[in-house]
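Here is a structure to read through by question and answer. What can be said about how its parts are arranged?

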Amino acid sequence: MNLFGITVSMIVVWLAVALAMLVIEALTVGLTTIWFAAGALVALIAALLDLSIAVQIVVFLAVSICLLVFTRKIFVEKLKAGSEKTNVDALVGEKAIVVSPIRPYDVGQVKVGGQVWSAIGKNPEETFAVDQLVKIHAIEGVKLVVTPAKHD
């Protein structure tokens, strides 16, 4: 193959495509271009077998698109499966102690994990007394939404 008057082997072209796709994947971490890098490696094998450029391109596209369509979703789910809730999200479901009363349609305070948070009741007409145990139901902005905790 001639490129700007220089003869370039398709092996070098497919290697360059694979490396470029890997670099792009490393920069974006989107699990998209990695499949094109795999397709380029399979096309490189086709080039090593001295198959025509048309066959190499078809192999590259077929492998890349099949991997993208059939395996990307699986890998995205697998990578998310082990993720844990962090920071504020981890508070939902935890129990807290009321340190400042929560009155109807008013904000009080609860203590959870050694930190004091503003809190409101899930039922806005409910009252929570100091030292009452509550369960964190949700987070709205910077306020915890709490419900009465059931005694275990």
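The questions below go from the overall layout to the helices and then to the strands.

Reader: How many helices and strands does the protein have, and in what pattern along the sequence?

Author: The model is predicted. Its secondary structure comes to three helices and seven strands. Read along the sequence, these elements follow the pattern β-β-α-α-α-β-β-β-β-β.

Reader: What share of the residues in the protein is buried?

Author: A residue is taken as buried at under 20% relative accessible area. The protein has 152 residues, and the buried share of them is 24%.

Reader: Are α1 and α2 roughly parallel or roughly antiparallel to each other?

Author: Helix α1 spans residues 10–28 and helix α2 residues 33–48. Their axes come within 8 Å and cross at roughly 165°. Angles over 145 degrees count as roughly antiparallel. The two helices, α1 and α2, are therefore roughly antiparallel.

Reader: Which kind of residue, nonpolar, polar or charged, makes up 18 of the residues in the contact of α1 with α2?

Author: On the α1 side the contact includes Met10, Trp14, Leu22 and Glu25. On the α2 side it includes Thr33, Phe36, Leu41 and Leu48. The residues of this contact divide into one charged, one polar and 18 nonpolar.

Reader: What is the handedness of the crossing of α1 and α2?

Author: The axes of these two helices cross at roughly 165°. Where α1 passes α2, the crossing is left-handed.

Reader: In what order do the five strands close into a barrel?

Author: Strand β3 (residues 95–100) is joined to β6 (residues 133–140) by three bridges, and the two run antiparallel. Three bridges also join β3 to β4 (residues 108–112), again antiparallel. β6 pairs with β7 (residues 143–148) over six bridges in the antiparallel sense. The pairing in the barrel as a whole is mixed, and the order is β3-β4-β5-β7-β6.

Reader: Which residue in β4 stands opposite Ser100, and which in β6 stands opposite Lys95?

Author: Both pairs involve β3, which is joined by bridges to β4 and to β6. Opposite Ser100, in β4, is Gln109. Opposite Lys95, in β6, is Lys135.

Reader: Which residue in the turn of the hairpin of β6 and β7 has a positive phi?

Author: Along the paired strands, Ile136 stands opposite Val146 in β7. β6 and β7 form a hairpin with two residues between them. The turn residue with a positive phi, about 65°, is Gly141.

Key: Residues are numbered from 1 along each chain as its sequence is written. This is a predicted model: local features need pLDDT of at least 70, side-chain atom pairs count only at pLDDT 80 or more; totals for chains, interfaces and linings use all residues. Side-chain values use heavy atoms; hydrogens and water are left out. Axes are lines fitted to C-alpha atoms, for helices over the stretch in contact, and angles run from 0 to 180 degrees between N-to-C directions. Helices (H or I, at least four residues) and strands (E, at least two) are DSSP runs, numbered from the N terminus. Angles under 35 degrees count as roughly parallel, over 145 as roughly antiparallel, 65 to 115 as roughly perpendicular and the rest as oblique. A crossing is left-handed if the near helix is turned anticlockwise from the far one by less than a right angle, and right-handed if clockwise. Contact means heavy atoms within 4.5 Å. Ala, Val, Leu, Ile, Met, Phe, Trp, Tyr, Cys and Pro count as nonpolar, Asp, Glu, Lys and Arg as charged, and the others, Gly among them, as polar. Two strands pair if DSSP finds at least two bridges between them. Buried means under 20% relative accessible area, exposed over 50%, partly exposed in between (1.4 Å probe, protein chains only).
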